[in-house]
Amino acid sequence: MSKQELVFDDDLFVFETVMRVRYTEVDAGQHITVESLTALLSEARLRFLHAKSVKDINADHQGLIIDKLQLDIVKRIRIREELLFEVGVEPIYDNGGNIIMKVTRMHTGETVAKARQHFKGYDFNLNKVTKLDNMIKEALYPHLFRL
């Protein structure tokens, strides 16, 4: 598999949250598992969406789905470390975009992981991809709506 480095513009990060690595999230070597890190990234994304007032599924049974995940683990993460998750959105298009994340050690600022989650608008009644409504676009990427 080719390695494409994740490089983000720091100006895109608009949300932060902190989480601690729990005992149930590590392997025998006391390092976080890929599955657990992926779950923490999902939690950070959901906290970000909640802060932006984006519901999981709206009254019309439409919401966002993640269809791709790109993850780069830069350094090993040990048990009980406090991690700072910085979250942002790259420029979006009509039916989707990318949520980006940078994970750093809370006390040293050392980057330990980077991720990009590609999302699409989805209609759960029709089981198909749909265009993002303007409310979601404005919540996730307000730059489009400022003149």
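## A buried salt bridge between strands

E86 and K102 form a salt bridge, with the closest N and O atoms 3.7 Å apart. The pair links distant parts of the chain. E86 sits in strand β3 and K102 in strand β4, 16 residues apart. This is a predicted model.

Are these two residues buried or exposed? E86 has 14% relative accessibility, so E86 counts as buried. K102 has 15% and therefore counts as buried too. The cut-off for buried is under 20% relative accessible area.

## Other salt bridges

How many salt bridges does the whole structure hold? A search finds twelve. Salt bridges that share partners tie K75, E81, R105 and E110 into one network.

One of the twelve joins E110 to K75. Their closest N and O atoms lie 3.7 Å apart. The pair links distant parts of the chain, with the two positions 35 residues apart in numbering. E110 is in the loop between β4 (96-105) and β5 (111-123). K75 is in the loop between β2 (62-73) and β3 (82-89). E110 is partly exposed at 30% relative accessibility. K75 is partly exposed as well, with a relative accessible area of 38%.

## A salt bridge within helix α1

R47 pairs with E43 in a salt bridge, the closest N and O atoms being 3.0 Å apart. Where do the two residues lie? Both belong to helix α1, which covers residues 34-51. They are four residues apart, about one turn of the helix.

R47 has a relative accessible area of 31%, so R47 is partly exposed. E43 is at 33% relative accessibility and counts as partly exposed.

## The nonpolar core

The largest nonpolar core has 37 residues. Which residues have the most contacts inside this core? They are L64, F85 and L140. At least two core residues come from each of β1 (13-20), α1, β3, β4, β5 and α2 (134-140). Helix α1 gives the largest share, six residues.

L64 reaches several parts of the chain. Leaving out residues up to four places away in sequence, L64 touches L49, V54, D56, F119, K120, G121, F124, L132, I136 and L140. One of these partners, L140, is also among the residues with the most contacts inside the core.

## The cavity

The structure holds one cavity of 30 Å³ or more. The volume of the largest cavity is about 60 Å³. Rolling a probe the size of a water molecule over the atoms shows where empty space is left.

Which residues line the largest cavity? The lining consists of N58, Q62, G63, L64, G121, Y122, T130, K131, L132, D133 and I136. L64 therefore appears both in this lining and among the best-connected core residues, those with the most contacts. Strands β2 and β5 each supply at least two lining residues. The largest share, three residues, comes from β2. By type, the lining has four nonpolar, five polar and two charged residues.

## D94 and its contacts

D94 sits in the loop between β3 and β4. Is D94 buried, exposed or partly exposed? Its relative accessible area is 42%, so D94 is partly exposed.

Not counting residues up to four places away in sequence, D94 touches K131, L132 and K137. K131 and L132 also line the largest cavity. D94 and K120 are 26 residues apart in sequence. In space they are 9.1 Å apart, C-alpha to C-alpha.

## Two loop residues with positive phi

Q30 is not a glycine, yet Q30 has a positive phi of about 70°. Q30 lies in the loop between β1 and α1. With a relative accessible area of 32%, Q30 is partly exposed.

S53 is not a glycine either, and S53 has a positive phi of about 60°. S53 is in the loop between α1 and β2. S53 has 56% relative accessibility and so counts as exposed. The cut-off for exposed is over 50%.

Methods. Residues are numbered from 1 along each chain as its sequence is written. This is a predicted model: local features need pLDDT of at least 70, side-chain atom pairs count only at pLDDT 80 or more; totals for chains, interfaces and linings use all residues. Side-chain values use heavy atoms; hydrogens and water are left out. A salt bridge is a side-chain nitrogen of Lys or Arg within 4 Å of a carboxyl oxygen of Asp or Glu. Buried means under 20% relative accessible area, exposed over 50%, partly exposed in between (1.4 Å probe, protein chains only). On a 1 Å grid over the protein atoms alone, a cavity is a set of points where a 1.4 Å probe fits but cannot get out, and a pocket is an open set with protein on both sides within 12 Å along at least five of seven lines; lining residues have an atom within 4 Å of a point. Grid points are joined across faces, edges and corners, and a volume is the space filled by probe spheres set on the points. Ala, Val, Leu, Ile, Met, Phe, Trp, Tyr, Cys and Pro count as nonpolar, Asp, Glu, Lys and Arg as charged, and the others, Gly among them, as polar. A nonpolar core is a set of buried Ala, Val, Leu, Ile, Met, Phe, Trp, Tyr and Cys residues joined through side-chain atoms within 4.5 Å. Contact means heavy atoms within 4.5 Å.
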